[in-house]
Amino acid sequence: MTTLDYWVIAIFSIGILVAGLSMSDRKADMQSYFGASGALPWWMSGLSLYMGFFSAGTFVVWGAIAYEQGWVAITIQWMMAIAGFLIGRFIAPRWRQTGVLTAAEFVQQRFGSGVHKFYTYVFLLMSFAYNGAFLYPVAKLVNVSTGLPSHYAIMLFGLMAVLYTTSGGLWAVIVTNVLQFVVLTAAVVIVVPLAFDRVGGISTFVDAAPEGFFNLTGGEYTPWFIAAFGLYNMVFIGGNWAYVQRYTSVPTKQEAKKVGYLFGLLYLISPVIWMLPPMLYRLVNVDLAGLENEGAYLMMCKEVLPAGLMGLMITGMIFATTDSVNASLNVSSAVFTNDVYKRINPGATNRSLMWVARLSTLAFGIITVLVALMVPAMGGIVQVVLSIGALTGVPLYGPAVWALFSNRQTGFSILFTTIASLAINLFFKFGAPLLFDVSLNRMQETVLGVSLPILLLAVFEVIYRNKAYRVPDVAVPDSARDTDTGSSRGKRQSALAAKTIAVTLLGVGLIIFVLGLFATRGKTIVLVTALAITLLGIGLLVSRPRQKRDPRGST
């Protein structure tokens, strides 16, 4: 890391913070703060969903697998692409059709207050652990790259995320997500050709790669694991309350479909680009062992990136990882305000609701920072939380997704499914190894976590097949949430978001162009990337007047 890299990190961090704060709206209401007034453009929502699914694991965990086993890491992530296409076709439009502000609101309407309270409190409790687990790797990344102590990095980047999320709500999250997508994509696009050049080109890479390096599956990542992992991601991305917000905040069901399709398309292309650097690093250094291989991605970046561009990569990785924290903070605050406070105080004014919304976002953010600070003293909680996530994702989110398509499920059936699945899964994860010396491998753990709740829901579906439906469909027309005030505010915020993104992209393009002028290697690819980003910003600015004159959305 050079002095120029540190300046790049500082400049981009400030730019992202300012862009997020620019979306602050003092006249915001619940629908605009948490649901973007239903006016969120599908491409913004799709990019935000894509970035919200990011974590340090994208480069660390998958990068380690790519270094060790090669193409298997890409195959695993292609399951997310398939999940995205299925979500776009079936799940996303169903969520948009419900007309709800949060997934918790759907659970309340569908199953009643008792079931609603259970899932709400479980979601809020788990969100603290997940947010802390996602924020901690950001701090480790900063610590390894810059030497800044982890606790300072946690407080700095955690509070930055809290600041603009509290100020601008969902619009701030969306704008920063889109910008971070561009920054990270630019950095990765620059790394790949430089990495190929470092090892002598494509033909050298293919010839020198270890045997089986391009196999679709391998080791513990069997076809059964791959299939179960794909099904898990379809339920998790389709039912996680933070991601549901991306489907319910667009204007129509058709645009909700496009959100899922865009996510799928990006995950069809991007894993190939992402995983090439650690795969290529296998030819540069074959001696990484154990946990050392988790640094393969950064090691290749340090090997090939000129001064300043390493700072760009680090910035992209930092803020791409915090995206999941921002999204979770916003939806956690939405659940607390809309599904807890508003039900306790049904006569609350919009002013008081917005105070609760912002204060709860701030409070949840502070708790997230505190949890992340405690991670070192809790003995590897990050791996524990991520492992539990594989076991809890379908039990927690699967019942609601199933209920989108079936009226036969009841409050009892989904509670039984969730509680029984969690109990059995956690027993095999923690109890069975201690009591009976029986441990599940990765494939068995994943298959159990996915198949058990689905099997239980299917059993209840059969049991209730001859009984009358318990409740009617929770569904409203696309226009049911629209009001003149909300529609007008949504259009203004959408235009402001597009302008903010466009102007910031011009700044990003300019900075990368300057870095390209001084680059000692890879000058051409850096300058071409800068030009592409600049043209993208100009195109977005030029297209805005036409959008304003013809504001009709798709139906």
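A search of the whole of this predicted model turns up three cavities of 30 Å³ or more. Start with the largest cavity, which has a volume of about 50 Å³. To frame it, select Met-23, Asp-25, Ala-28, Ser-32, Tyr-33, Ser-167, Gly-168, Trp-171, Arg-358 and Gln-493, the residues that line it. Two elements give two or more residues each to this lining: helix 2 (30-35) and helix 8. Helix 8 has the largest share, with three residues. Try colouring the lining by class, and you get four nonpolar, four polar and two charged residues.

**Along helix 8 to the surface**

Stay with helix 8 and switch on a surface. Now select Tyr-152, Met-155, Leu-159, Trp-355, Leu-359, Leu-362, Ile-366 and Leu-370; together they make a nonpolar surface patch of about 770 Å². Helix 8 and helix 15 (350-374) are the elements that give two or more residues to the patch. Which of them gives the most? That would be helix 15, with five residues. Click on Leu-362 as a sample from helix 15: its relative accessibility is 36%, so Leu-362 counts as partly exposed.

**Three salt bridges**

Next, show the charged side chains. The structure holds three salt bridges, and each can be visited in turn.

Pick Arg-198 and Glu-303 to begin with. Their side chains meet in a salt bridge, 3.1 Å from N to O. Arg-198 belongs to helix 8 (residues 150-199) and Glu-303 to helix 13 (residues 296-304), so this pair links distant parts of the chain, 105 residues apart. Are these two partners buried, exposed or partly exposed? Glu-303 is partly exposed at 32% relative accessibility, and Arg-198 is partly exposed at 38%.

Move on to Asp-339 and Arg-343. Here the closest N and O atoms of the salt bridge are 3.7 Å apart. Both residues sit in helix 14 (residues 309-344), and because they are four residues apart, about one helical turn separates them. Put a surface over the pair and look at each end. Asp-339 is buried, with a relative accessible area of 3%, whereas Arg-343 is partly exposed at 39%.

For the remaining stop, select Arg-408 and Glu-461, whose side chains meet in a salt bridge of 3.8 Å, N to O. Glu-461 is in helix 18 (residues 442-463), while Arg-408 is in the loop between helix 16 (381-403) and helix 17 (411-435), so the pair ties together parts that are 53 residues apart in sequence.

**A covered helix and its glycine**

Jump back along the chain to helix 6 (residues 103-111). This helix is mostly covered, with eight of its nine residues buried. To see them, select Ala-103, Ala-104, Glu-105, Phe-106, Val-107, Gln-108, Arg-110 and Phe-111. Note that the buried set includes Glu-105 and Arg-110. Then step one residue on, to the end of the helix: Gly-112 follows helix 6 and has a positive phi, near 100 degrees.

**A positive phi without glycine**

Most residues other than glycine have a negative phi. With that in mind, what is phi at Asp-437? It is near 55 degrees, a positive value in a residue other than glycine. You will find Asp-437 in the loop between helix 17 and helix 18. Turn the surface on again there: Asp-437 has a relative accessible area of 67%, and because that is over 50%, it counts as exposed.

**Two long-range pairs**

Finish with two C-alpha distances. For one, select Ala-519, in the loop between helix 19 (484-517) and helix 20 (523-549). At 7% relative accessibility, Ala-519 counts as buried. Add Ala-307 to the selection and draw the distance: the two C-alpha atoms are 6.8 Å apart in space, though 212 residues separate Ala-519 and Ala-307 in sequence.

For the other, go to Ile-65, which is in helix 4 (residues 61-69). Ile-65 is buried too, with a relative accessible area of 7%. Where does Tyr-221 lie relative to Ile-65, in sequence and in space? Tyr-221 is 156 residues from Ile-65 in sequence, and the C-alpha to C-alpha distance between them is 9.9 Å.

Definitions and conventions:
Residues numbered from 1 in each chain as written. Predicted model: local features only at pLDDT ≥ 70, side-chain atom pairs only at ≥ 80, totals over all residues. Heavy atoms only, no water. Salt bridge = Lys/Arg side-chain N within 4 Å of Asp/Glu carboxyl O. Buried < 20%, exposed > 50% of the residue type's maximum accessible area, 1.4 Å probe, protein only. Patch = residues over 30% accessible without salt bridge, like charges linked within 9 Å, V, L, I, M, F, W, Y side chains within 5 Å. Areas by Shrake-Rupley, 256 points an atom, 1.4 Å probe, with all protein chains shown as cover. 1 Å grid on protein atoms, 1.4 Å probe; cavity = no way out; pocket = protein on both sides within 12 Å on 5 of 7 lines; lining within 4 Å. Points joined across faces, edges and corners; volume = space filled by probe spheres on them. Nonpolar A, V, L, I, M, F, W, Y, C, P; charged D, E, K, R; others polar.
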